[in-house]
Amino acid sequence: MVDALPPLRDVVARYGLDAKKSLGQNFLFDLNLTARIARAAGPFDNVTVVEIGPGPGGLTRALLSQGAHVIAIERDWRCLPALEEISAHYPERLTIVEGDALEMDVAALVQKYARGAARICANLPYNVATALLTRWIEAEPWPSVFDRYVLMFQKEVALRIVATPKERADYGRLAVLCGWRTKTRILFDVSPSAFTPPPKVTSSVVELLPNPAPLDCDPRALSRVTQAAFGQRRKMLRQSLKSLGVDASALLAAAGIEETKRAEEIDVAGFVALANALRSA
Ligand code: SAM
């Protein structure tokens, strides 16, 4: 037993937390699994973890029992009484914030509530997972306040996060962004049967370690060039980059990239060179 709190299935039944698809609710009740995810984000000496979407609190409890302070951001008000119960069990260790994580400045929450280092660990709601990750990794200034991100995604998204030009089908905008500012790896897969209700697909826990000194580049320029390049990924760059409204050949020459290459052949350093060339175009 992780703590003296009631089993999660009882909590869900008591507070009527039937899962809502619109909120990406696929809950974890297996305490061994939540403990494993928390361990992947630990150790927690003097660490505050921001958890997005605690739901009934399975992962929250694992993080707390392993010593973390937790700031939990939950959009579904129905979960708040269950979270309050956990907070009472771990006095002064859990800060509950009600609201939409997409609308929140998580770094500001950390400044307000965190003690020690700050980290993000979450079983993310799949419908907003990519949007949240993109926002965190594009944050300015960099490095951000977070020293690590340990996050559950659909496996298909996890593969798109960690891809390199070698994994052509998965390599795209997300891989370039994450590969620019972080070191990524998939830690382990989680079968659909681990969730209630089970999603249709396998999930994966991904670790992103911030690179303290990534190549110098403006994230907005990087976003523009990757959007243009991968928006027409089968075309040669001299064609696809025309949508940027600049001389594509001159841009490629300035970045030292052959005009006949396609987006999926260009590594992160290549896209950074293109973004920097765009800034000076
Ligand atoms: N952490 C819990 C677990 O592992 O059992 C629940 C994970 S469930 C996949 C996603 C959680 O995110 C749900 O509790 C849902 O209500 C919450 N959520 C969905 N959209 C959100 C948003 N925009 N901001 C904050 N929480 C959100």
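On a 1 Å grid over the protein atoms alone, a pocket is an open set of points where a 1.4 Å probe fits, with protein on both sides within 12 Å along at least five of seven lines, and its lining residues have an atom within 4 Å of a point. The structure is a predicted model, in which local features need pLDDT of at least 70 and side-chain atom pairs count only at pLDDT 80 or more, whereas totals for chains, interfaces and linings use all residues. Residues are numbered from 1 along each chain as its sequence is written, and side-chain values use heavy atoms, with hydrogens and water left out.

The largest pocket is lined by 32 residues, and Leu 23, Gly 53, Glu 74, Asn 123 and Pro 125 are those that lie nearest its centre. This largest pocket is also the space taken by the ligand (more than half of the ligand's atoms lie within 2 Å of the pocket's grid points).

Around the ligand there are 20 residues (each with a heavy atom within 4 Å of it), of which Leu 28, Gly 53, Glu 74, Asp 100 and Asn 123 are the closest. Among the pairs of N or O atoms within 3.5 Å that count as polar contacts, an oxygen atom of the ligand lies 2.8 Å from a polar backbone atom of Leu 28, and a nitrogen atom of the ligand lies 2.7 Å from an N or O atom in the side chain of Asp 100. The ligand taken alone exposes 590 Å², of which the protein buries 99% (accessible areas by the Shrake-Rupley method with a 1.4 Å probe).

Notes:
A polar contact is a pair of N or O atoms within 3.5 Å; within protein, one must be able to donate a hydrogen and the other to accept it, and residues adjacent in sequence count only if both atoms are side-chain atoms.
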